[in-house]
Amino acid sequence: TFDGRTEMNDSKNVTLEHFAIFREVRKKDSETVDTSARTARDLYTELHERFEMPLPIEALRVAINDEFAPWEHEIREGDRIAFIAPVAGG
């Protein structure tokens, strides 16, 4: 149910866990960011612009708290989020 309080301050801190190309771009394994994004899709769109993330969302999967999640998954304060790029084998 909606009680009005969540809309008043929708800013939250989430931890981004970086792997592969994202670790190379951000030069760190993880970081905490403040965001007002509602869904994982909104968050990646925000980060893509803010940090010039190198891959389009269509090329990625998202994991929230160590489990793959749909892009429309609502993110919450304290979530651990990783954007997973395709892995080439060989």
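User: Rings of Phe, Tyr and Trp (for Trp, its six-membered ring) count as a pair if their centres lie within 6.5 Å, with planes under 30 degrees apart called stacked, those over 60 edge-to-face and the rest tilted. How many aromatic pairs does the structure hold?

Analyst: This is a predicted model, in which local features need pLDDT of at least 70 and side-chain atom pairs count only at pLDDT 80 or more, while totals for chains, interfaces and linings use all residues. Residues are numbered from 1 along each chain as its sequence is written, and side-chain values use heavy atoms, with hydrogens and water left out. On that footing, the number of aromatic pairs held by the structure is five.

User: Is the pair of F22 and Y44 stacked or edge-to-face?

Analyst: A pair of aromatic rings is described by the distance of the centres and the angle of the planes. For F22 and Y44 the centres are 6.3 Å apart and the planes stand at 80 degrees, an arrangement that is edge-to-face.

User: Which helices hold F22 and Y44, and are the two residues buried or exposed?

Analyst: Helices (H or I, at least four residues) and strands (E, at least two) are DSSP runs numbered from the N terminus. F22 lies in α2 (residues 20-26) and Y44 in α3, so their pair ties together parts that are 22 residues apart in sequence. Buried means under 20% relative accessible area, exposed over 50% and partly exposed in between, for a 1.4 Å probe and protein chains only. Because F22 has 2% relative accessibility and Y44 has 2% as well, each counts as buried.

User: How are the rings of W71 and F83 arranged?

Analyst: Their centres are 6.0 Å apart and their planes lie at 5 degrees, so the pair is stacked. W71 sits in the loop between β4 (67-69) and β5, and F83 in strand β5, so described as a link between parts 12 residues apart, and both residues are buried. Together with F22 and Y44 they form one aromatic cluster, while the arrangement of the W71 and F83 rings themselves is stacked.

User: Which element gives the most residues to the largest nonpolar core?

Analyst: A nonpolar core is a set of buried Ala, Val, Leu, Ile, Met, Phe, Trp, Tyr and Cys residues joined through side-chain atoms within 4.5 Å, and the largest one here has 21 residues, of which L16, L43, Y44, W71, I81 and F83 touch the most other members. Two or more residues come from each of β1 (12-17), α3 (40-50), β3 (61-64) and β5 (80-84). With four residues, the element that gives the most is α3.

User: Where is I57 found, and which residues does I57 touch?

Analyst: I57 is found in the loop between α3 and β3, and at 14% relative accessibility I57 counts as buried. Its C-alpha atom is separated by 7.2 Å from that of Y44, 13 residues apart along the chain. Taking contact as heavy atoms within 4.5 Å, and not counting residues up to four places away in sequence, I57 touches R41, Y44 and W71.

User: Which residues make up the covered face of β1, and in what sense does β1 pair with β2?

Analyst: In a regular strand the side chains alternate between the two faces of the sheet. In β1 the uncovered face holds N13, T15 and E17, and the covered face K12, V14 and L16. Two strands pair if DSSP finds at least two bridges between them, and over six bridges the sense of pairing between β1 and β2 (residues 30-35) is antiparallel.
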